[in-house]
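Colleague: I would like to go through some labels with you. Please explain each one slowly.

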Amino acid sequence: MCGRARCSLRPDDIPRACHLNGRRVRHVDMNRYRPSYNVSPGFSVPVVRREDEANDEGAVLHCMKWGLVPSFTKKTEKPDHYRMFNARSETIKEKASFRRLIPKNRCLVAVEGFYEWKKDGSKKQPYYIHFKDARPLVFAALFDSWKNHEGEVIYTFTILTTSASSSLEWLHDRMPVILGNMDAADMWLSGSPSSNIDTLLKPYEESDLAWYPVTAAMGKASFDGPECIKELQLKTNETRSISQFFSKKGDKDQQGQKSHNKVAEEEILNTDQTESLKQEPESDHVGHLCSPVQPESFTSTTATDIKVEQDFDESGSKQSLTGQTGNPPEKVGTHASDNVKSLKEEEFEDIKPKDISPPQEESGDSKTKRYYEELSGDAMPLPKAINTHIRPSKKKAKGADDKQPTLFSYFGKG
């Protein structure tokens, strides 16, 4: 396929490029020619054809529109130059639009180069193909004439294509038929219908073709100028394979995961260190004040060591609570098993009570009462066993009235 070309040649250079070798050349409609670096279908391009008379050895440099419009097209129909701007050389003898043109309507198209697009997924990268020595390329073509509804005769042409050469098949599967020497150009232009022109319709396999990427902006027909053929330096990451892309991405993801794990470990380590620094002073202070971390302080106040003595005399003077240590009890229970259970709960729950030792100088009821008041007013949470305190009961004085009125006796009187 050939849909874009560069044709900025001077009119006098075209017959020489087509190897006419001093033959007489007549110009037709050359005033329509506009040199361009970006020629597309619908543009007026100079082509070389034979004279109308069969015995005339001269040639005609005729400016025609690129994109064949067959002569049998209706006059009222709007011409579409993109419909037949190329013709497959393998089928020109089969299609009516081209078959009737082969005997007398063969022509040559001279350009400096052409463009082809390389498909890469959804992207297309244009390349400029030309001869290494910058001489013009000569394409095999067919032309026809068509008269519109205004009576104007319009000459149009189509470029023949063939399969791509071995050096260009990476770029596209088709390429224009290139006539690389004078004999090939003369045979296609002036050869008789009986001549073997099929031998010319083959890929150009010579090594004098060159190509390079150009800007994608030339895909627009309005984009023109030397910028169209300026070589473009492709980035290396645009040409790497898909496997390389995903392998590098995977490596980056793995490295990123490792660095993330490393940062997380450092954060955890810093957090542990900070927490330990915050807890150390509190642990030392509480350990100094309370006794759950020291089992000895609890064993000194268990039920086996606390001795509750209740002395009742006939006068009913008082009741005293003493322990083996001589100090007020830190914990008194109604039963030894309750005291042991409370101590176990304190040990497992790791309750850290404040030092609540009562003053040493007081004794008796006033000492017990003040000790109870201190426990009640202290804001520090205390173990359940310590808050449980047995208050001593006073014995009634002898001779007092033991008969207290009851609810039953009250209703019984009535």
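Modeller: We will take salt bridges, burial and contacts in turn. This is a predicted model, where local features need pLDDT of at least 70, side-chain atom pairs count only at pLDDT 80 or more, and totals for chains, interfaces and linings use all residues. Residues are numbered from 1 along each chain as its sequence is written, and side-chain values use heavy atoms, with hydrogens and water left out.

Colleague: What makes Arg24 and Glu51 a salt bridge?

Modeller: A salt bridge is a side-chain nitrogen of Lys or Arg within 4 Å of a carboxyl oxygen of Asp or Glu. The closest N and O atoms of Arg24 and Glu51 are 3.8 Å apart, so the pair meets that definition. The two sit in distant parts of the chain, 27 residues apart. Arg24 is in the loop between helix 1 (13-17) and strand 2 (25-28). Glu51 is in the loop between strand 4 (44-50) and strand 5 (59-66). Helices (H or I, at least four residues) and strands (E, at least two) are DSSP runs, numbered from the N terminus.

Colleague: Why can such side chains pair at all?

Modeller: Side chains of opposite charge can pair when their charged atoms come close.

Colleague: Why is Glu51 called buried?

Modeller: Buried means under 20% relative accessible area, exposed over 50%, and partly exposed in between (1.4 Å probe, protein chains only). Glu51 has 12%, so it is buried. Its partner Arg24 has 48%, so Arg24 counts as partly exposed.

Colleague: What makes Asp198 and Lys93 a salt bridge?

Modeller: Their closest N and O atoms are 2.9 Å apart. That value fits the salt bridge definition. The pair links distant parts of the chain, 105 residues apart. Asp198 lies in the loop between helix 3 (182-190) and strand 13 (209-213). Lys93 lies in the loop between strand 6 (86-88) and helix 2 (96-99).

Colleague: Are Asp198 and Lys93 buried, exposed or partly exposed?

Modeller: Asp198 has 38% relative accessibility, so it counts as partly exposed. Lys93 has 46%, so Lys93 is partly exposed.

Colleague: How many salt bridges are there?

Modeller: The structure holds 15.

Colleague: Why is Ser40 called buried?

Modeller: Ser40 has a relative accessible area of 1%, so it is buried. Ser40 is in the loop between strand 3 (36-39) and strand 4.

Colleague: Which residues does Ser40 touch?

Modeller: Contact means heavy atoms within 4.5 Å. Leaving out residues up to four places away in sequence, Ser40 touches Gly3, Arg4, Trp66, Tyr82 and Ala221.
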